[in-house]
Amino acid sequence: MPEPKFNKTQSLSDTDLVKEIARLKQEQNAVILAHFYQDEAIQEIADFVGDSLDLSRKAAATNADVIVFCGVKFMAEVAKILSPGKKVLIPDFKAGCSLEESCPPKQFAAFKQQHPDAIVVTYINCSAEIKALSDIIVTSTNAKKIIDQIPLTQKIIFAPDQHLGRYLNKITGRDMILWNGSCIVHEQFSEKELVKLTVNHREALVIAHPECPENLLTHAHHIGSTSSLLKFVEDHQGQEFIVLTEPHIIYQMRQRNKTAKFYDCPFIDKAGCSMCNNCPYMGLNNLEKVYEVMKGEASKAGGELVLDENLRARAEKPLRKMLEMS
Ligand code: CIZ
């Protein structure tokens, strides 16, 4: 194997990092995936940019030996579940997910026991352990379609996102039992700041992810998954948009609607200052870490995602059920 051209990451400029990543990608027959919420520099080097399920399915359909997943850990787990024969690399193991953390498997198993006659429908944004405790996985794109296929008499537990669950109850007319998890990015938008933005930009369309609480969703002209929000932006050329989801998606929105204006909605922290709602976990990934994980330095932030085969197989079942039903 040829010697790597560079040994010290510190000495690499972004341009050199991009070149080295491309070289390693070819050498290892790797595919790089970037979630819509990743930094622009990472979206630029990716083979595929998308939502978590779409990325994992696209990677599974390639003949790549290695998947480098630039997103958060549960997303890389989905890639491994659907591609058990491929090596899955994560740039930073600390890139977790507040929604995943809000649903610890032990407590969730106990909650399930309290409702023995309910089936468990779970949002894909959860750990492999929670998937293994579920009957059907859903995404924000296919949740309504799947829930609508379940007999009305069947009791359902929905986890982990209470806001998405409440929204789904409203649009499906169901009364699902909700686990009370949430995502810090979507939960903390300030309604007051949102109203200020709508007053200052009266023509702007408010587009929101259903992980936002109900009080925010009442202001929305369009509610949908990341891909649905992107499609809405594409279909409304030249408009202005107030975006209620992780703001890094605006990079993709701009590519689909070049003349549009975008405003991201801040939240107000305890000290009263207004801040943007970047996901702190997604923000842990950068070009340097992608390079390091591909170079295979075990001492660095990331590494190979290893899933126990028994757990992987149990988590795969409800995911395959989703694919059958969607
Ligand atoms: O599953 C995903 O990628 C997320 C975060 C949500 C969505 O709506 O795509």
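**A walk from strand β5 to helix α16**

Let's start with strand β5, residues 118-123, which is mostly covered: 5 of its 6 residues are buried. Keep in mind as you look around that this is a predicted model.

Who are the partners of β5? With strand β7, residues 155-159, β5 pairs in the parallel sense, and 5 bridges hold that pairing. If you want a spot to click on, try Val 121, which stands opposite Phe 158 in β7. Strand β6, residues 136-138, also runs parallel to β5, and here the two are joined by 3 bridges. For this pairing, go to Tyr 123, which sits opposite Val 138 in β6.

Strand β6 also takes us to the next stop, helix α16, since β6 is among the elements that cover the buried residues of this helix. The others include α3 (52-60), α4 (73-82), α7 (128-132) and α8 (143-147). Which residues of α16 are buried? They are Leu 311, Arg 312, Ala 315, Glu 316, Pro 318, Leu 319, Met 322 and Met 325. So the list isn't just Leu and Met: an Arg and a Glu are on it too.

Now look at α16 from end to end. It covers residues 309-325, and because a helix should advance 1.5 Å a residue, its 17 residues should span 24 Å. The C-alpha atoms at its ends are 25 Å apart, which agrees. There is a bend along the way, though: a kink of about 25° lies at Lys 317, shortly before the proline Pro 318. That same Pro 318 is one of the buried residues. Back at the start of the helix, a side-chain oxygen of Asp 308 comes to within 3.2 Å of the backbone nitrogen of Asn 310.

Last stop: the aromatic rings. How many aromatic pairs turn up in a search of the whole structure? There are 5. One to look at is Phe 111 with Trp 179, an edge-to-face pair with 5.1 Å centre to centre and 75° between the planes. This pair links distant parts of the chain, with the two positions 68 residues apart: Phe 111 belongs to helix α6 (residues 105-113), while Trp 179 is in the loop between β8 (177-178) and α10 (184-187).

Are these two residues buried or exposed? Phe 111 has a relative accessible area of 15%, so it counts as buried, and Trp 179, at 9%, is buried as well. Phe 108 joins them, and together Phe 108, Phe 111 and Trp 179 make up one aromatic cluster.

Technical notes:
Residues are numbered from 1 along each chain as its sequence is written. This is a predicted model: local features need pLDDT of at least 70, side-chain atom pairs count only at pLDDT 80 or more; totals for chains, interfaces and linings use all residues. Side-chain values use heavy atoms; hydrogens and water are left out. Buried means under 20% relative accessible area, exposed over 50%, partly exposed in between (1.4 Å probe, protein chains only). Helices (H or I, at least four residues) and strands (E, at least two) are DSSP runs, numbered from the N terminus. Two strands pair if DSSP finds at least two bridges between them. The expected span of a helix is 1.5 Å times one less than its number of residues. The bend at a residue is the angle between axes fitted to the seven residues ending there and the seven starting there. Contact means heavy atoms within 4.5 Å. A polar contact is a pair of N or O atoms within 3.5 Å; within protein, one must be able to donate a hydrogen and the other to accept it, and residues adjacent in sequence count only if both atoms are side-chain atoms. Rings of Phe, Tyr and Trp (its six-membered ring) pair if their centres lie within 6.5 Å; planes under 30 degrees apart count as stacked, over 60 as edge-to-face and the rest as tilted.
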